[in-house]
Amino acid sequence: MHDTLRINGDRLRHRLSELGKIGALPGGGVCRLALTDEDRQGRDTVMGWMRELGLEVTVDAMGNVFGLRRGTEDGPPVMTGSHIDTVRTGGLYDGSLGVLGGLEAIETLNDAGITTRRPLCVAFFNNEEGARFAPDMMGSLVYVGGMSLEEAMATEGIDGKTVGECMQAIGAQGDAPVGHPDVHAFIEIHVEQGPVLEESGITIGAVEKVQGISWTEFTLTGTSNHAGTTPMRLRHDAGYVAMATAGFVRDLATRLGGDQVGTVGALEIGPNLVNVVPDQARFTVDLRNTDNDRLQQAEWQLHEFITQLAEREGVTVERRQLARFDPVPFDPEMVDRVEKAARDHGLSVMRMPSGAGHDAQMLARVCPTSMIFVPSVDGISHNIDEYTAPEDLEAGANVLLQVLLDLAA
């Protein structure tokens, strides 16, 4: 019976569509930055669905939400989930598929009258994207004890407000403790957010590891001056140092090759006038690699470049580390389970790394963990045009259901 059990694809897509209406953007995308009113509406909606499915809903002090389905035995639950917050120009599937795919698995079991031996839990974690408050995966990081609740609450966002203030404003903080979770295993389904599966003609990715992430914010201070009368040799141009560093980051990633990527994603220059030499610049650098030694090499080369260039230009540099996570390997047996479940369903599958950060990499600190990827059309994500075909959503959710049954039965 378990081998023939299948999720309801229409029902899953309906929930994805309904959640996507909260914070909807023109063109089909969504904006639900963490701890905004839109996030509050999304949280309330998903918790309502959890209760409709008979789950016991708990909210911890970090605002992470858990829906528990009891098993025939007590003990640590098999957990699945992801996040429902988005970047400013997000799509419908990033994060939400992991949460709503879990709810669909629960409803499928309810419909079939199946009670697993171990409890099952569907979770969504606060501030996974880090688009408003850095670092990303903050909620799951606090959940596993990798960051103190006090430090998280004091974190200031891009709008000057703190996590604690915004948690209070939308009523997101619960009573359950954080920092010492007891989880049997964790499995997360997610859109790939890259082109590999689609290019390869493969339906399911069995994720073996998540690459390391290094986020740094640089603040440069030079001297504002007239753009026409100040000789080039006498300039202290913060804008030039920022833009030269942006070019260096691109060249660095290309030169190191392999899995190295680099991005300058935010850049502000002041006074931002056509005829004034900039005296201020603030920008971010995002470096990622599956190999920690290579990631450290990229960080060192970036440090040397900007230090030497700023010194030559007479510009001061301040650095602030926004996030730093080593690459995370997933549990080999968990990866095997994903691969086997895909093959049992007659689906093509490949082992692969993740180029994006995910809550699963935090849960890997406390329990066996892996991920299920489904294809992203044209590799597009963090974009309103993000799309995954209905048949791929359904295929991935069926693999998730089978892995949950294997782990919990």
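Which loop holds Pro 271? Select Pro 271: the loop between strand E10 (267-270) and strand E11 (276-277) contains this residue.

**Before you go on**

This is a predicted model, in which local features need pLDDT of at least 70, side-chain atom pairs count only at pLDDT 80 or more, and totals for chains, interfaces and linings use all residues. Residues are numbered from 1 along each chain as its sequence is written, and side-chain values use heavy atoms, with hydrogens and water left out. Helices (H or I, at least four residues) and strands (E, at least two) are DSSP runs, numbered from the N terminus.

**Stop 1: two cis bonds and a positive phi**

Stay at Pro 271. Its peptide bond with Gly 270 is cis, with omega about 5 degrees. Now select Ala 134 and Pro 135. A cis peptide bond links them too, with omega about 10 degrees. Pro 135 sits in the loop between strand E4 (120-124) and helix H4 (138-143).

Next, pick Leu 35. Its phi is positive, about 65 degrees, although Leu 35 is not a glycine. Find Leu 35 in the loop between helix H1 (9-20) and helix H2 (37-52). Why stop at such places? Most residues other than glycine have a negative phi, and most peptide bonds are trans.

**Stop 2: Val 276**

Select Val 276, in strand E11. Leaving out residues up to four places away in sequence, Val 276 touches Ser 224, Asn 225, Ala 227 and Pro 271. Contact means heavy atoms within 4.5 Å. Now add Glu 165, 111 residues from Val 276 along the chain. The C-alpha atoms of the two are separated by 38 Å.

**Stop 3: a helix pair**

Show helix H8 (residues 238-256) and helix H9 (residues 292-313). Their axes come within 10 Å and cross at roughly 150 degrees. H8 is therefore roughly antiparallel to H9. Axes are lines fitted to C-alpha atoms, for helices over the stretch in contact, and angles run from 0 to 180 degrees between N-to-C directions. Angles under 35 degrees count as roughly parallel, over 145 as roughly antiparallel, 65 to 115 as roughly perpendicular and the rest as oblique.

Which residues meet here? On H8, they include Tyr 240, Phe 248 and Leu 252; on H9, they include Leu 302, Phe 305 and Ile 306. The contact of H8 with H9 divides into 13 nonpolar, three polar and three charged residues. Ala, Val, Leu, Ile, Met, Phe, Trp, Tyr, Cys and Pro count as nonpolar, Asp, Glu, Lys and Arg as charged, and the others, Gly among them, as polar.

**Stop 4: a pocket and two cavities**

On a 1 Å grid over the protein atoms alone, a cavity is a set of points where a 1.4 Å probe fits but cannot get out, and a pocket is an open set with protein on both sides within 12 Å along at least five of seven lines; lining residues have an atom within 4 Å of a point. Grid points are joined across faces, edges and corners, and a volume is the space filled by probe spheres set on the points.

The second largest pocket holds about 370 Å³. Of its 19 lining residues, select the closest to its centre: Thr 58, Phe 66, Met 79, Tyr 143 and Ala 176. Strands E1 (56-59) and E2 (65-69) each supply at least two lining residues.

How many cavities of 30 Å³ or more are there? The count is two. The largest has about 40 Å³ of space. Its lining includes Asp 85, Glu 129 and His 382. Finish at the second largest, about 30 Å³, where Arg 43 and Phe 124 are among the lining residues.
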